[in-house]
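Welcome! Open your viewer, switch to a cartoon view, and follow along one stop at a time.

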Amino acid sequence: MREINVSKIKDAVAELCLKANFELRRDVLKSLKTAVAKEKNPRAKNILKAIIDNARLARTKRIAICQDTGMVIVHLEIGQNVALRGGALKGAVNAGVAEAYRKGYLRKSIVSGALFRENTKTNTPAVIYVDIVDGNNVKISVSPKGFGSENKSAIKMFKPTDSADEIKEFVIDVVKKAGPDACPPMVLGIGMGGTFERCAYLAKKALLRPVGKRSRQRHIARLETELERAINSLGIGPMGLGGKTTVLGVNVLEEPTHIAGLPVAVNVSCHATRSAEKTL
Amino acid sequence: MKPVKIKTPLTKQAVAFLRAGDEVLLSGTIFTARDIAHKRLHDMIAKGHPIPLKLTDAVIYYAGPAPARPGRAIGSCGPTTSSRMDSFTPELLRLGLGGMIGKGGRSPEVRAAIKKYRRIYFIAIGGIGALLAERVISAKPVLFSDLGPEAIYKMEVVDFPIIVGIDSKGNDIYDQARRKKK
Ligand code: SF4
């Protein structure tokens, strides 16, 4: 048994919240730079350049990349040989979020309920997912998710006999409806399989995989490439003002499901797709 | 094309020559307001209460900024999705609102109201709040402070970079982008 004090988790969550909000992910930045080089439309090119300049400024001046510093999603992979000591895990995670949002002058966007909407003033609670895995480490990943793009996400329960083309059509439709509101160029996380709620979780988790890194399953990798091409030929472009760059990447995660179903979820994320991770 | 420099107040004359797609650098006073602030203003208007904000020729920026670090005017400060405010906008335009800044398209009703009252809608680039904050020289909450980031802030901006989204004739930049594609 390896013992880890939850205060270490609190500190790590705080550190990762700050990092994610101030430093745009390397993979996202790299894909933006590739896009600038390819983009012919002058306005699209300028917008992409502004996005890259913004990332540089945010990093050096420690200002949030985007004012929507999001609802914080925390994925914890806890090794089954780890014993957590020193208090409640959820409390520690939320304390880390609250500390970072206070110290980093980040926007507190969380309200107490869907209908009774009082700002909690701490940006907590975070959405916390815990996975028990082999081993004796704790892997923590933190992503602040903005809601301009979150609001454009969608889920659909397909029939098991529906084709990959029908799924593609659905995804393309989600992108069209998101249009300029989701701050394109977007990153799409797609979850397929599982159950109604599991595929939405997979869609969110898919956003953690570096942009440009393909799925290891060949048929899924092919689907990702085809979707990227099809979406980038729509001409929506940066901020919806035209151009080749509508998505920076499409990441699909697939899991087992039931003979009667084919759940598909699309989690829309913006050019400010942020996350940071650390293993204790 | 070089951006056009304009200053607040945004009178009808000041925006009449601008066309959808034009790049603009705006200087002067703007007010932030988003969802709940709009709802509160709407409720005051519906009840016939005087609204505690001078709307005539004013500019509303759909934004909920991040707090300022010591020594800075404001934190990250980009636009939020405008369409969530669509149902409130025609009423504010009728009361003399000069213009709005946000991101994304607007409803046909908002477009019609902009044309009718000869006003303007600008878009700012979403997600570049750090860069935009550099153009804000002062900011303070002036109304609904209890709402935190959703309070109405009065901001002074210098050369704030925006693009005309819908001009006073009702031309819409997103229509143009769509047409070009075809
Ligand atoms: S959609 Fe993303 S980039 Fe746009 S405002 Fe929201 S968090 Fe920021």
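Which strands of chain A does helix H8 (residues 218-232) lie across? Select this helix and you will find it over E7 and E8 of chain A, running at about 150° to E8(A). Keep in mind that you are looking at a predicted model.

**Stop 1: the sheet under H8**

Now select the strands of this sheet. There are 4 of them in chain A, forming an open sheet in the order E6-E9-E7-E8, with mixed pairing. At the edges are strand E6 (154-158) and strand E8 (247-254), each of which pairs on one side only. On average, neighbouring strands here are turned by 15° against each other, direction ignored.

Zoom in on strand E7 (residues 186-192) of chain A: E7 and E8(A) run parallel and are joined by 7 bridges. To see one bridge pair, pick A:Ile190, whose partner in E8(A) is A:Val252.

**Stop 2: a helix with two sheets**

Next, select helix H7 (residues 196-206) of chain A. H7(A) lies across E6, E7, E8 and strand E9 (262-269) of chain A, and its angle to E7(A) is about 145°. H7 also lies across E2, E4 and E5 of chain A, this time running at about 95° to E2(A). Those strands lead us to the next stop.

**Stop 3: the other sheet**

Here 4 strands of chain A form an open sheet in the order E4-E2-E5-E10, again with mixed pairing. Strand E4 (127-133) and strand E10 (276-279) each have a single partner strand, so one side of each is left without a neighbour in the sheet. From one strand to the next, the twist averages 15°.

Look at strand E5 (residues 138-145) of chain A, which pairs with E10(A) in the antiparallel sense over 4 bridges. Click on A:Val142 and then on A:Ala276, its bridge partner in E10(A). Add helix H1 (residues 6-22) of chain A to the view: H1 lies across strand E2 (71-79), E5 and E10, running at about 40° to E5(A).

**Stop 4: a lysine in chain B**

Finally, select B:Lys103, in the loop between strand E4 (99-102) and helix H4 (108-117) of chain B. Is B:Lys103 buried or exposed? This lysine is buried, yet has no salt bridge. The nearest side chain of opposite charge, A:Asp181, is 6.1 Å away. Show the side chain of B:Thr81 too, and you can see its polar contact with the B:Lys103 side chain (3.2 Å). B:Lys103 is also in contact with residues of chain A, including A:Gly148, A:Cys183 and A:Met239.

Terms used:
Residues are numbered from 1 along each chain as its sequence is written. Chains are lettered from A and ligands numbered from 1 in the order in which they are written. This is a predicted model: local features need pLDDT of at least 70, side-chain atom pairs count only at pLDDT 80 or more; totals for chains, interfaces and linings use all residues. Side-chain values use heavy atoms; hydrogens and water are left out. Two strands pair if DSSP finds at least two bridges between them. Axes are lines fitted to C-alpha atoms, for helices over the stretch in contact, and angles run from 0 to 180 degrees between N-to-C directions. Contact means heavy atoms within 4.5 Å. Buried means under 20% relative accessible area, exposed over 50%, partly exposed in between (1.4 Å probe, protein chains only). Lys and Arg count as positive and Asp and Glu as negative; His and the chain ends are not counted. A salt bridge is a side-chain nitrogen of Lys or Arg within 4 Å of a carboxyl oxygen of Asp or Glu. A polar contact is a pair of N or O atoms within 3.5 Å; within protein, one must be able to donate a hydrogen and the other to accept it, and residues adjacent in sequence count only if both atoms are side-chain atoms. Lists of a residue's contacts leave out its neighbours within four places in sequence.
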